Amino acid sequence: MSDESSDNQSTDGDDLVVRARTDRAAFGSLFDRYYPRVLRYCRRRLFDLSVAEDATSEVFLKVAAHYVEFAGRTETDFRCWLFRIATNAVHAQLRQSLRRQELWEAAARSGALDRSRTAPDPASTDPLSDWPAIYRAILELNDREQSIVMLRFFADLSHEEIANIVRSEEHTSELQ
């Protein structure tokens with residue numbers, strides 16, 4: 001992709017973020033653009049599709065309810081704000097429903113982490129082909145570290161965006 005094309009996409013996204021304040025169709029476009037990414041992030045953090053769908057729905061309800069208060073003007077600002085809300089929703093879901101271990105056990109019982117279905121292909125060079133081992137390793141991390149890994153590899157956010165989200169998250173937890 002050329003720099004000019006990248007700049008045009010960024011400008012289009014920035015314009016969409018601004019228009020979404022007053023234009024339902026623009027807000028719908030933002031929803032369509034980001035719902036799959038937020039759902040994927042929530043699913044990787046919560047392991048269970050129905051729990052992740054609930055959390056994702058909560059995220060977009062909060063976004064819709066508070067969009068007029070959103071001070072950002074760029075797509076990057078929106079993405080950071082959106083995934084900050086998603087990260088908080090994931091943490092709230094983990095606190096109020098099941099502990100991580102219960103989620104892990106439920107995922108294993110449901111077959112989502114069945115080794116026979118996810119066994120790595122010995123010829124594969126894909127480091128993500130052994131999901132159970134990856135999930136076990138991620139569960140060894142604290143909440144902050146899990147958020148960083150998931151935001152980088154499953155939400156595909158930049159290091160700067162992740163830093164903004166983590167800083168904001170730390171600030172929010174200090175206030176509680």
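So, salt bridges: there are five of them in this structure, and keep in mind that what we're looking at is a predicted model. The general idea is familiar to everybody here: side chains of opposite charge can pair when their charged atoms come close. Let me walk through some of the pairs, and then move on to how the helices pack.

Start at the N-terminal end. Asp15 and Arg19 bring their side chains together in a salt bridge, at 2.9 Å from N to O. Both of them sit in helix α1, which covers residues 3-19, and they are four residues apart, so to speak about one turn of the helix. How exposed are they? Asp15 comes out at 38% relative accessibility, which puts it in the partly exposed class. Arg19 is partly exposed as well, with a relative accessible area of 35%. And the pair has company: Asp15, Arg19 and Asp23 are linked in a network of salt bridges.

Now the one I'd like you to zoom in on. Glu161 makes a salt bridge with Arg79, and the closest N and O atoms there are 2.6 Å apart. Glu161 belongs to helix α9 (residues 159-175) and Arg79 to helix α4 (residues 75-96), so this pair ties together parts that are 82 residues apart in sequence. Buried or exposed, then, for Glu161? Buried, because its relative accessible area is 4%, and the cut-off for buried is under 20%. Arg79 is also on the buried side, at 15%.

While we're on Glu161, what does it touch, leaving out residues up to four places away in sequence? The answer is Thr76, Arg79 and Cys80. You can also pick up Leu151 from there: Glu161 and Leu151 are ten residues apart along the chain, and their C-alpha atoms are separated by 9.0 Å.

One more bridge. The side chains of Asp156 and Arg152 meet at 4.0 Å, N to O. The salt-bridge cut-off is within 4 Å. Asp156 is exposed, with a relative accessible area of 54%, while Arg152 counts as partly exposed at 27%. If you colour the backbone by phi, Asp156 will show up again: its phi is near 60°, a positive value in a residue other than glycine. You'll find Asp156 in the loop between α8 and α9.

There's another residue like that, Phe47. Its phi is positive too, about 70°, although Phe47 is not a glycine. Phe47 sits in the loop between α2 and α3. Phe47 is buried, at 9% relative accessibility.

Okay, stepping back to the overall fold. How many helices and strands are there in the chain? Nine helices and zero strands. Reading from the N terminus, you just get α-α-α-α-α-α-α-α-α. The chain has 176 residues, and 38% of them count as buried. On the contact side, take the pairs at least 6 apart in sequence: 59% of those contacts join residues at least 24 apart.

Let me finish with helix α2, in two packings. Its partner in one of them is α4. The axes of α2 and α4 come within 10 Å and cross at roughly 35°, and the crossing is right-handed. On the α2 side, the residues that meet α4 include Leu30, Tyr34, Val38, Tyr41 and Leu46. From α4, the contact includes Phe78, Leu82, Phe83, Val90 and Leu94, and our friend Arg79 is one of the α4 residues in it as well. By class, the α2 with α4 contact has twelve nonpolar, three polar and five charged residues.

The other packing is α2, residues 24-46, against α8, residues 143-153. Here the angle is about 140°, with the axes 10 Å apart. Therefore α2 and α8 are oblique to each other, since the cut-off for roughly antiparallel is over 145 degrees. This crossing of α2 and α8 is right-handed. Who meets whom here? Tyr41, Arg44 and Arg45 in α2 meet Asp143, Gln146, Ser147, Met150 and Leu151 in α8. That contact splits into three nonpolar, two polar and three charged residues.

And Tyr41 is a nice one to click on: it is in the α2 contact with α4, and it is in the α2 contact with α8. Arg45 likewise appears in the α4 contact and in the α8 contact.

Conventions: Residues are numbered from 1 along each chain as its sequence is written. This is a predicted model: local features need pLDDT of at least 70, side-chain atom pairs count only at pLDDT 80 or more; totals for chains, interfaces and linings use all residues. Side-chain values use heavy atoms; hydrogens and water are left out. Buried means under 20% relative accessible area, exposed over 50%, partly exposed in between (1.4 Å probe, protein chains only). Axes are lines fitted to C-alpha atoms, for helices over the stretch in contact, and angles run from 0 to 180 degrees between N-to-C directions. Angles under 35 degrees count as roughly parallel, over 145 as roughly antiparallel, 65 to 115 as roughly perpendicular and the rest as oblique. A crossing is left-handed if the near helix is turned anticlockwise from the far one by less than a right angle, and right-handed if clockwise. Contact means heavy atoms within 4.5 Å. Ala, Val, Leu, Ile, Met, Phe, Trp, Tyr, Cys and Pro count as nonpolar, Asp, Glu, Lys and Arg as charged, and the others, Gly among them, as polar.
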